[in-house]
Amino acid sequence: MIKQILEKIEAYHIIIIHRHQRPDPDALGSQVGLAELIRHNYPEKIVKVTGTDVPNLSWLAQMDQVADQDYEAALVIVTDTANRPRIDDDRYDQGQYLIKIDHHPNEDPYGDICYVDTTASSASEIITQLALSFDWQLSDTAARLLYTGIVGDTGRFLYPATTSRTLEIAAHLRTYEFDFAAISRQMDSFSLPIAKLQSYVFDQLQMDANGVAYVTLTQETLKAFGLTDADTAAIVGSPGKIDCVQTWAIFVEQPEGHYRVRLRSKEKVINQIAKLHDGGGHPLASGANSYSLAENQTIYQELQALFQEKETKTLSKD
Ligand SMILES: [Mn+2]
């Protein structure tokens, strides 16, 4: 399959790369990192990246202008996106050929080629590995983007998805010229409004005796801090910093009234609960949607129930 991916990249003159909505550093790093790699190794090709620009990640990458007619003869590659509805820019199916490259559970196997490696820490790790197996030259710019993606999805090499291969690939990327310390610092700092939101989350967190915790962020609260739903990504890991918290949910009220639910866990697998509530994701990091306060309570009770059963699925920390 790796060989077919290379054949397709070599066969097409125009390549358009997509990633998921509300991008994180791995979405942008894998998308724009791949674009940089192709531009660097095939300077004659036209490579474009598309999606909505997000201000908080403008230091990492910017999107291109892509016209509808660009798709007519294009190869389209989508990175870091498990499900078709989450792809940013719905013209992804307007090209001649479609390739999915991802590391999330393959619940929506779209694309003419669907390359999914759930053992990879990040899409950026997969892209780097593909580049090495294609014998491509890496560039400083591509290395910076891909390294940033890996740092983002591993929480600076902290999360269980960090493997020895992740570290080998990161070590290889570090041989290129870019300010890796500045990237880590950038990704470990937050704005004053986020600091205040974090303080609110710690203050308002509800927790049971087993360390199952939740907090609700209403539109009113977000407005008071001058923040939006997208900003809550910065505090999603915060409850987990408390030693006695095991599993947690953050209910973020949306302008339309429903709740975006961010689910995280240290050991107990929680993505089956996300799937029950219009969501999905990784075993220990999932997202869902809830359509009432009562459903929020149901989700919290389902998380609590994980600790009342004798045998529940856990993910080992290797
Ligand atoms: Mn990712």
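Is Asp 153 buried or exposed? With a relative accessible area of 19%, Asp 153 is buried, because the cut-off for that label is under 20%. Keep in mind that this is a predicted model.

**The metal site**

Asp 153 is one of the residues holding the manganese ion. The ion is coordinated by Asp 26 (OD), Asp 80 (OD), His 103 (NE2) and Asp 153 (OD), at 2.1 to 2.3 Å. Read along the chain, these donors follow the spacing D-x53-D-x22-H-x49-D. Asp 26 and Asp 153 link distant parts of the chain: Asp 26 belongs to helix H2 (residues 25-41) and Asp 153 to helix H4 (residues 140-153), 127 residues apart. Asp 26 also counts as buried, at 0% relative accessibility.

**Two domains and what lies between them**

The domain assignment splits the protein into domain 1 (2-187) and domain 2 (192-305). Taken over C-alpha atoms, their centres are separated by 28 Å. On the contact itself, domain 1 brings 6 residues and domain 2 brings 7 residues. About 530 Å² is buried between the two domains, and carbon and sulfur atoms give 50% of that area. Over on the domain 1 side, Arg 22, Pro 105 and Glu 107 lose the most area to domain 2, and together they make up 66% of what that side buries.

As for polar links, there are 2 salt bridges across the interface of domain 1 and domain 2. Lys 275 pairs with Glu 107 in a salt bridge, and the closest N and O atoms are 3.6 Å apart. Between domain 1 and domain 2 there are also 2 residue pairs in polar contact.

**Two loop residues with positive phi**

Arg 22 turns up again here, this time for its backbone. Phi of Arg 22 is near 45°, a positive value in a residue other than glycine. Asp 278 has a positive phi too, near 55°, and is likewise not a glycine. Here's how the pair looks on paper:

| Residue | Phi | Loop | Relative accessibility |
|---|---|---|---|
| Arg 22 | near 45° | between strand E1 (14-18) and H2 | 46%, partly exposed |
| Asp 278 | near 55° | between helix H9 (271-276) and strand E10 (280-281) | 48%, partly exposed |

So where does Arg 22 sit in the chain? It is in the loop between strand E1 and H2, and H2 is the helix that carries the metal ligand Asp 26. Arg 22 is also among the domain 1 residues that lose the most area to domain 2.

How values were computed
Residues are numbered from 1 along each chain as its sequence is written. This is a predicted model: local features need pLDDT of at least 70, side-chain atom pairs count only at pLDDT 80 or more; totals for chains, interfaces and linings use all residues. Side-chain values use heavy atoms; hydrogens and water are left out. Donors are N, O and S atoms within 2.8 Å of the metal (3.2 Å for Na, K and Ca); water is not among the atoms, so sites may look incomplete. Helices (H or I, at least four residues) and strands (E, at least two) are DSSP runs, numbered from the N terminus. Buried means under 20% relative accessible area, exposed over 50%, partly exposed in between (1.4 Å probe, protein chains only). Domain bounds come from an automatic or database domain assignment. Contact means heavy atoms within 4.5 Å. Buried area is the accessible area (1.4 Å probe) that two parts lose on being put together, summed over both. A salt bridge is a side-chain nitrogen of Lys or Arg within 4 Å of a carboxyl oxygen of Asp or Glu. A polar contact is a pair of N or O atoms within 3.5 Å; within protein, one must be able to donate a hydrogen and the other to accept it, and residues adjacent in sequence count only if both atoms are side-chain atoms.
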